[in-house]
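Trainee: I would like a close look at a single part of this chain, with its surroundings explained in one connected account. Please take me through it carefully, residue by residue where that helps.

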Amino acid sequence: MQSESHPNVRAVQRALDAAGARDFSGHASAVRLLPAAVHTAAAAAEALGVDVGAIANSLVFDADDAPLLVLTSGAHRVDTAGLAATLGVTHLRRATPDFVRRHTGQVIGGVAPLGHPGPLRTLVDTALEGYDEVWAAGGVPQAVFPTTYAELLRITGGDPTEVA
């Protein structure tokens, strides 16, 4: 199946449209397909010609058996011990591929900030505020969409959080 017709890409675009999501220039955010899959922030940044910090990595964690989506700048790693303490959870660990798929309907490397079967508690890395334009995954590893830090907060209902 072609990526643009993949159900995850369609779900993400519907969610962007329903939220009235905008990119940096004020235009409607639209999922774009890259020539090849990008499974890492570095690969996405290279394909888009942007700083790796402008990539919003969508990382799903198992937080005491509940899903937690952390949208973090591609320029750094999540401090899981510090974040667990901030959140008051006992166990915060990277989710298994099955856990990610069950809660997002998407696969690791393509998890979008929205378009999931149900709401996910979401944290948005405050480091992303330093970029005028932010790029996030669009539901499959080949799809991305442009947005802004403020829009990520708004469309996800996420909490601004220092995660590194």
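Mentor: In this predicted model, the end C-alpha atoms of residues 37-154 lie 27 Å apart, and the span is 25% helix and 29% strand. Residues 37-154 are the stretch that UniProt, in an unreviewed entry, lists under "domain: YbaK/aminoacyl-tRNA synthetase-associated".

The stretch begins at Ala 37, a residue in the loop between strand S1 (32-33) and helix H2 (41-48). Ala 37 counts as partly exposed because its relative accessibility is 43%, a value that falls between the 20% limit for buried and the 50% limit for exposed. Once its neighbours within four places in sequence are set aside, Ala 37 is in contact with Pro 141 and Gln 142. The C-alpha atom of Ala 37 is also separated by 8.0 Å from that of Val 140, although these two residues are 103 apart along the chain.

Turning to the strands, S5 (residues 121-125) is mostly covered, with 4 of its 5 residues buried. Strand S3 (residues 66-73) runs parallel to S5 and is joined to it by 4 bridges, and within this pairing Val 70 has Leu 123 as its bridge partner in S5. S5 also pairs with S8, again in the parallel sense, over 3 bridges, and here Val 124 has Pro 160 of S8 as its bridge partner.

Strand S8 covers residues 159-161 and includes Thr 161, which repays a closer look. Thr 161 is classed as buried because its relative accessible area is 11%, and the cut-off for that class is under 20%. A polar atom of the Thr 161 side chain lies 3.0 Å from the backbone oxygen of Asp 159. Beyond its neighbours within four places in sequence, Thr 161 is in contact with Leu 83, Leu 123, Val 124, Asp 125 and Thr 126.

Thr 126, the last residue in that list of contacts, is found in the loop between S5 and S6. At 27% relative accessibility, Thr 126 counts as partly exposed. Not counting residues up to four places away in sequence, Thr 126 touches Tyr 149, Pro 160, Thr 161 and Glu 162. By contrast, the C-alpha atoms of Thr 126 and Asp 64, which are 62 residues apart along the chain, are separated by 24 Å.

The nonpolar interior can be followed next. The largest nonpolar core has 28 residues, of which Leu 16 and Phe 145 touch the most other members. The elements that give two or more residues to this core are helix H1 (7-19), strand S2 (55-63), S3, helix H4 (97-104), strand S6 (134-137), strand S7 (143-147) and helix H5 (149-156). A second, separate core of 13 residues includes Leu 68, Leu 87, Leu 92 and Val 163.

Helix H1 completes the picture. The buried residues of H1 are Asn 8, Val 9, Ala 11, Val 12, Gln 13, Ala 15 and Leu 16, and what covers them includes S7 and H5. The 13 residues of H1 should span 18 Å at 1.5 Å a residue, and the end C-alpha atoms of the helix are 18 Å apart, so the two values agree. Just after H1, Gly 20 takes a positive phi of about 65°.

Methods
Residues numbered from 1 in each chain as written. Predicted model: local features only at pLDDT ≥ 70, side-chain atom pairs only at ≥ 80, totals over all residues. Heavy atoms only, no water. Buried < 20%, exposed > 50% of the residue type's maximum accessible area, 1.4 Å probe, protein only. Polar contact = N/O pair within 3.5 Å; in protein donor to acceptor, adjacent residues only side chain to side chain. Contact = heavy atoms within 4.5 Å. Pairing = 2+ DSSP bridges. Core = buried A, V, L, I, M, F, W, Y, C linked by side-chain atoms within 4.5 Å. UniProt positions renumbered as here; feature names shortened; annotations may be inferred. Expected span 1.5 Å × (residues − 1).
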